[in-house]
Amino acid sequence: MTEFSPQDTAHMRRALDLAEQGRFSTSPNPRVGCVIARGGQIVGQGFHLQAGTPHAEVHALRQAGELARGATAYVTLEPCAHYGRTPPCAEALIAGGVGRVVAAMRDPNPQVAGKGFALLEAAGIATACGLLADEARELNRGFLSRIERGRPFVRIKTAASLDGKTALADGRSQWITGAAARADVQRLRAESCAVLTGIGTVLADDPQLNVRDFPTLRQPLRIVLDSRLRLSPAHRIAGDGGATLVITLVPDDGRFAVCPAVRVRTLPDDGSGRIHLAALLELLAAEEQIGELMVEAGATLAGEFLRQDLADEIVHYQAPKILGSDARNLFRLPENPAALSGSGIWHSRSVEMLGSDIKWTLRRA
């Protein structure tokens with residue numbers, strides 16, 4: 001087992017901090033940071049900003065220049081070894097003359113998966129892997145879920161009153177939480193590859209589900225589950241010019257020809273007349289390259305993701321308000337919760353105050 005020095009750990013932590021700066025923009029690529037150091041001195045650093053632009057190693061090598069020769073490169077993910085939209089980073093490190101490469105984790109992408117290390121080692125460069133691996137995996141949970149599980153990392157976002165209600169009995173629900181919580185939701189959307197909702201939410205609230213009042217290089221794909229194709233080009237999620245994918249069970253009738261950013265995809269049902277959620281997640285990973293999926297939906301659809309054990313995280317915002325017993329519930333689930341395959345698997349990850357509201361993040365075991 002490789003032993004790492006405190007200096008190694010400090011440099012890798014800096015690389016992870018750099019990678020975090022690509023949190024809102026790198027998908028479908030992973031978030032990667034790189035530090036090039038000679039002893040305790042950092043001579044080059046960089047992070048990957050957006051797909052199609054130079055990778056973290058290239059930025060760090062450019063900054064280091066000749067000082068990269070014989071230095072150690074710390075990178076949060078195994079350097080790539082294939083030609084995509086940019087050349088292989090392993091070859092760039094070889095050309096830069098680094099003497100050692102330390103990676104936080106191996107890249108499970110079949111196009112890399114050890115090939116980066118093999119290229120480096122064949123060139124006589126020492127390699128080591130596994131430093132702060134857990135932190136690196138957390139940083140790229142969506143990318144890793146897409147590659148390793150063939151489905152996105154699914155986050156359900158919920159907001160409710162103190163008594164667990166999401167709307168009044170007549171459906172009115174806007175502004176349960178305060179401004180700080182709503183701004184935080186914008187950040188969650190910005191880091192997600194896609195935001196998914198159901199047609200019921202669209203018909204009731206006409207949401208846009210885009211990122212507003214927050215600087216971002218890209219907007220998430222909006223996905224509407226609409227089994228009977230009731231969505232209209234007049235709805236904001238279809239007519240505002242942003243990319244929207246409509247998933248339905250009926251043939252596309254061409255109504256969205258006037259909305260060039262809207263695509264309609266017809267899928268088979270799950271045997272009960274509903275969209276097959278597990279098959280949908282596989283499609284989103286394979287064909288849309290969705291790594292992080294945020295679900296902002298009503299009680300029925302959110303409950304289905306829980307019932308079918310398809311959610312990885314719940315981010316719940318709770319406001320100090322009471323809406324009463326006749327108000328609408330957070331999830332629609334079976335009467336016997338023990339019947340849920342995912343019953344009891346949720347663990348608190350963090351709790352924080354946002355203004356007068358509470359943000360509670362839960363993760364699967």
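**A cis peptide, a five-stranded sheet and its core**

Pro28 is located in the loop that runs between α1 and β1, helices (H or I, at least four residues) and strands (E, at least two) being taken as DSSP runs numbered from the N terminus. The peptide bond between Ser27 and Pro28 is cis, with omega at about 10°. The structure is a predicted model, in which local features require pLDDT of at least 70 and side-chain atom pairs count only at pLDDT 80 or more, whereas totals for chains, interfaces and linings use all residues. Residues are numbered from 1 along each chain as its sequence is written, and side-chain values use heavy atoms, with hydrogens and water left out.

Five strands form an open sheet with mixed pairing and the order β2-β1-β3-β4-β5, two strands being treated as paired if DSSP finds at least two bridges between them. At the edges of this sheet lie β2 (41-47) and β5 (126-129), each of which pairs on one side only. The average turn between neighbouring strands of the sheet is 15°, direction ignored; axes are lines fitted to C-alpha atoms, for helices over the stretch in contact, and angles run from 0 to 180 degrees between N-to-C directions. Strand β4 (residues 100-103) is joined to β5 by four bridges in the parallel sense. Within this pairing, Ala103 has Cys129 of β5 as its bridge partner, and Val102 is likewise matched with Ala128 of β5. Helix α1 (residues 6-20) packs on the sheet, where it touches β1 (33-38), β2, β3 (72-75) and β4, and its direction makes about 145° with that of β1; contact here means heavy atoms within 4.5 Å.

β4 and β5 also belong, together with helix α4 (residues 115-122), to a right-handed β-α-β unit, a crossover being right-handed if, with the strands pointing away from the viewer, the path from the first strand over the helix to the second runs clockwise. In α4 the buried residues are Gly116, Phe117 and Leu120, where buried means under 20% relative accessible area, exposed means over 50% and partly exposed lies in between (1.4 Å probe, protein chains only). These buried residues fall within an arc of 95° when seen down the axis of α4, so they line one face of the helix; the arc is that of the directions from the helix axis to the C-beta atoms. They pack against α3 (89-96), β4 and β5. After α4 comes Gly124, which has a positive phi near 85°.

The largest nonpolar core contains 39 residues, of which Met12, Ile36, Leu93, Val98 and Val101 touch the most other members; such a core is a set of buried Ala, Val, Leu, Ile, Met, Phe, Trp, Tyr and Cys residues joined through side-chain atoms within 4.5 Å. With five residues, α1 gives the most to this core. Residues up to four places away in sequence not being counted, Met12 touches Tyr74, Val75, Thr76, Val102, Ala103, Ala104, Leu131 and Leu132. A second, separate core has 28 residues, among them Leu245, Leu277, Val295 and Ala302.

Val101 is part of strand β4 and counts as buried because its relative accessibility is 0%. Apart from neighbours within four places in sequence, the contacts of Val101 include Ala73, Val75, Pro79, Leu93, Leu120, Ile125, Ala126, Thr127 and Ala128. Between the C-alpha atoms of Val101 and Ala90, which are 11 residues apart along the chain, the separation is 9.6 Å.

In helix α2 (residues 56-64), the buried residues are Ala56, Glu57, Val58, Ala60, Leu61 and Ala64, and they pack against β1, β2, β3 and α3. Gly65, just after α2, has a positive phi of about 60°.

Positive phi values are also found in residues other than glycine. Leu132, in the loop between β5 and α5 (133-139), has a phi near 60° and is buried, with a relative accessible area of 13%. For Asp309, phi is near 60°; this residue lies in the loop between α11 (299-307) and β13 (313-318) and is partly exposed, with a relative accessible area of 24%.
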